Amino acid sequence: MTDNSVVLEGKNLTKLISEAEEHFNVDKDFIKVEIMEEKKSLFGSYYKIRASYEHNTELKDLERLISNIEEKLMNSNADAISADSEGEGAFIEENEKEADCEYEISVSSDAMEAHIKIYPPFGGGKEPDKESIYKALEASNIKSGILHNEVENLADHKIYNNAITIAKGKPSIPGKDASLEYHFDISKDKKMLITDDGRIDYKELSLIKNVNEGDLLVTMTPASKGISGEDVYGNEVKAIDGKTINMPKGKNVTLSEDGLKLISMINGEVKIVEGKVNVFQVYTVDGNVDNSTGNIRFLGKVIVKGNVITGFTIEADEDIEVFGVVEGAKISSKGNIVLHRGIQGMNKGELVCEGDLIAKFIENSKVYAKGNIQTDAIMHSIVYCGKKLEVKGKKGLLVGGEIRVSDEIKAKIIGSPMATVTEVEVGMNPDVRKKYDSLKAEYAKNAENYTKLCQVVDLLTKMSKKGELDDDKRTMMNKSIVLKLQTQNAMEGFKKEIQEVETYIEDISNGRIKVENIVYPGTKITIGSNSMFVRDQIQHVTFYRSAGEIKIGSFEP
């Protein structure tokens with residue numbers, strides 16, 4: 001027999017165990033279930049069980065539960081936090097004369113402040129004096145940061161029943177993090193424009209950051225050491241040293257002798273790729289990309305003076321610029337793509353870039369750009385744009401296919417007089433949605449673990465008050481408290497990230513589709529989770545989302 005037990009009967013074993021959880025108000029991990037009787041017939045099953053709640057839960061069961069939760073917590077990649085020692089209020093034992101004044105000393109959870117409260121004597125008992133106050137502090141192990149002026153003040157003015165700060169620890173001083181100073185423009189915002197005659201004015205836009213051999217690119221200021229402090233018990237409060245960082249050394253750069261400077265080894269274009277500083281040379285194809293060149297894969301920038309023929313591929317870690325026509329080819333860039341004469345993909349062409357895309361036209365192609373897209377026309381293509389899409393120039397035409405944009409679409413004409421099916425959408429970003437779902441799942445796992453840890457801590461605390469904790473269980477209780485605080489900190493971190501993503505999703509759901517001239521029937525408009533079909537020709541409009549539905553307003557330049 002155990003300390004507490006209850007006999008339950010019914011047809012559903014799981015439901016009986018749930019009733020036992022509600023009866024004892026603890027998780028099922030702490031309940032022992034004994035099946036006293038089990039019957040099965042044509043009419044169903046019957047169970048009779050005895051559920052027992054043992055205050056002295058086996059140590060190995062608790063260790064297993066805590067170990068399981070600790071492993072899950074480590075896998076969540078949440079930053080670990082250290083459990084602050086909780087100060088325990090120290091009370092001065094009563095003197096032989098019960099009428100003497102009494103001292104109560106409490107210490108903050110971080111052990112950086114101690115407070116004293118004096119209860120007045122009665123019946124002529126002994127009043128506070130400096131000697132007895134110091135003895136009370138000594139009895140509570142308060143050794144450092146004692147405010148001697150407050151001790152004298154309490155002894156002189158006999159201040160009773162007020163919690164007075166009597167000692168303050170010396171806080172640690174964290175070190176400064178290492179920092180980098182870049183000696184070139186590192187901004188990522190670029191706006192490339194094609195002039196009427198098809199030229200790009202690089203000089204005015206400063207898109208290429210040229211450096212010479214021997215130029216200084218980056219200077220590092222190293223991290224500094226922290227200065228340790230001391231709590232009121234006289235224990236060292238270790239300081240956090242400043243965070244060190246690695247030099248972002250990439251290709252064609254070298255470190256100085258002291259390791260604090262990055263220097264260019266060649267003449268070329270300096271760029272940051274995946275957090276590292278590189279200096280790239282440019283690969284130029286004077287003619288077409290065809291059998292004479294084969295597929296092109298290059299770590300720097302690629303310039304093609306001719307056409308890119310169907311079936312060939314260009315891959316580059318930097319920008320790709322094509323002065324001719326791209327046919328049914330695949331072009332992939334980790335930077336920007338510029339097509340002076342556009343792409344005529346024949347349902348085979350693909351453009352993929354992590355930066356911005358500029359093309360004279362896009363026809364019968366698949367396009368994925370993480371940045372902005374600027375073009376004169378998009379016809380019968382599947383396009384995903386991570387920021388803003390602007391279809392301008394003489395035509396400004398967007399017709400046929402599927403167009404999905406995160407922030408905003410701006411065009412002169414959408415659709416055609418033939419009611420060509422054209423789907424345009426803003427407020428859709430699959431990468432953000434995937435991250436949002438992942439954050440919510442991690443938060444739910446940590447919330448479940450936090451609930452179980454609270455139950456473990458509560459159980460061990462009750463056992464401690466009854467004097468039932470041996471050394472092993474006391475160690476387990478301390479470990480449980482640390483895990484509880486770590487889990488709570490992880491939950492707060494996930495909650496903050498979730499709120500940031502939700503704010504972003506709400507912002508992009510308020511994106512706009514702006515049409516300077518005409519929207520033809522056959523066009524499907526989608527903003528966020530709302531959609532509408534255009535059934536009549538509309539002119540000079542802006543589609544936007546408000547109060548959970550799509551509204552039509554006047555054109556916004």
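Contact, as used in these exercises, means heavy atoms within 4.5 Å. The structure is a predicted model.

**Exercise 1. Helix H3 and its surroundings**

Determine which residues of helix H3 are buried, how they are arranged about the axis, and what covers them.

Solution.
- Step 1. Helix H3 spans residues 130–139, and its buried residues are Ser132, Ile133, Ala136 and Leu137.
- Step 2. Viewed down the axis of H3, the buried residues lie within an arc of 140 degrees, so they line one face of the helix.
- Step 3. Glu131, Lys135, Glu138 and Ala139 are exposed, and they sit on the face of H3 that is turned away from the buried side.
- Step 4. The cover over the buried residues of H3 includes strand S5 (102–107), strand S6 (113–119), helix H4 (148–157) and strand S7 (164–168).
- Step 5. Just after H3, Asn141 adopts a positive phi of about 65 degrees.

**Exercise 2. Aromatic pairs**

State how many aromatic pairs a search of the whole structure finds, and classify each by its geometry.

Solution.
- Step 1. The search of the whole structure yields two aromatic pairs.
- Step 2. In the pair of Tyr182 and Phe184, the centres are 5.8 Å apart and the planes meet at 90 degrees, an edge-to-face arrangement.
- Step 3. With a relative accessible area of 26%, Tyr182 is partly exposed, whereas Phe184, with 13%, is buried.
- Step 4. For Tyr368 and Tyr384, the ring centres are 4.9 Å apart and the planes are at 20 degrees; the cut-off for stacking is under 30 degrees, so this pair is stacked.
- Step 5. The pair links distant parts of the chain, since Tyr368 belongs to strand S26 (residues 362–369) and Tyr384 to strand S28 (residues 377–385), 16 residues apart.
- Step 6. Tyr368 has a relative accessible area of 29% and is partly exposed, while Tyr384, at 12% relative accessibility, counts as buried.

**Exercise 3. Strand pairing**

Give the strand order of the open sheet that contains S9, identify its edge strands, and describe the hairpin of S36 and S37.

Solution.
- Step 1. The open sheet has three strands in the order S9-S15-S16, with antiparallel pairing.
- Step 2. Strand S9 (210–211) and strand S16 (276–280) are the edge strands, each pairing on one side only.
- Step 3. Five bridges connect strand S15 (residues 268–273) with S16 in the antiparallel sense, and Glu269 stands opposite Phe280 in S16.
- Step 4. Strand S36 (residues 538–546) and strand S37 (residues 549–554) run antiparallel and are joined by six bridges.
- Step 5. Thr542 has Gly553 in S37 as its bridge partner.
- Step 6. Two residues lie between the strands of this hairpin, in which Ala547 takes a positive phi near 55 degrees.

**Exercise 4. Cysteines**

Establish how many disulfides the structure has, and describe the setting of Cys385.

Solution.
- Step 1. A search of the whole structure finds zero disulfides.
- Step 2. For Cys385, the nearest cysteine sulfur is that of Cys353, at 8.7 Å; the cut-off for a disulfide is within 2.5 Å, and Cys385 is in no disulfide.
- Step 3. Cys385 is buried, its relative accessible area being 0%.
- Step 4. Cys454 also counts as buried, at 18% relative accessibility; the cut-off is under 20%.

**Exercise 5. Nonpolar cores**

Identify the residues with the most contacts inside the largest nonpolar core, and list the contacts of Ile513.

Solution.
- Step 1. The largest nonpolar core comprises 48 residues, and Ile331, Leu389, Ile513 and Phe543 have the most contacts inside it.
- Step 2. Leaving aside neighbours within four places in sequence, Ile513 is in contact with Ile409, Ile414, Val424, Val426, Ile525, Thr526, Ile527, Val541, Thr542 and Phe543.
- Step 3. Another core, of 21 residues, lies apart from the largest one and includes Tyr103, Ile133, Val232 and Tyr233.
- Step 4. Ile133 is also one of the buried residues of H3.

**Exercise 6. Positive phi within strands**

Locate Met346 and Asn364 in the strands, and give the phi of each.

Solution.
- Step 1. Most residues other than glycine have a negative phi.
- Step 2. Met346 has a positive phi, near 55 degrees, and lies in strand S24 (residues 343–353).
- Step 3. At 45% relative accessibility, Met346 counts as partly exposed.
- Step 4. Asn364 has a positive phi near 50 degrees and lies in strand S26.

Definitions and conventions
Residues are numbered from 1 along each chain as its sequence is written. This is a predicted model: local features need pLDDT of at least 70, side-chain atom pairs count only at pLDDT 80 or more; totals for chains, interfaces and linings use all residues. Side-chain values use heavy atoms; hydrogens and water are left out. Rings of Phe, Tyr and Trp (its six-membered ring) pair if their centres lie within 6.5 Å; planes under 30 degrees apart count as stacked, over 60 as edge-to-face and the rest as tilted. Buried means under 20% relative accessible area, exposed over 50%, partly exposed in between (1.4 Å probe, protein chains only). Helices (H or I, at least four residues) and strands (E, at least two) are DSSP runs, numbered from the N terminus. The arc is that of the directions from the helix axis to the C-beta atoms. Two strands pair if DSSP finds at least two bridges between them. A nonpolar core is a set of buried Ala, Val, Leu, Ile, Met, Phe, Trp, Tyr and Cys residues joined through side-chain atoms within 4.5 Å.
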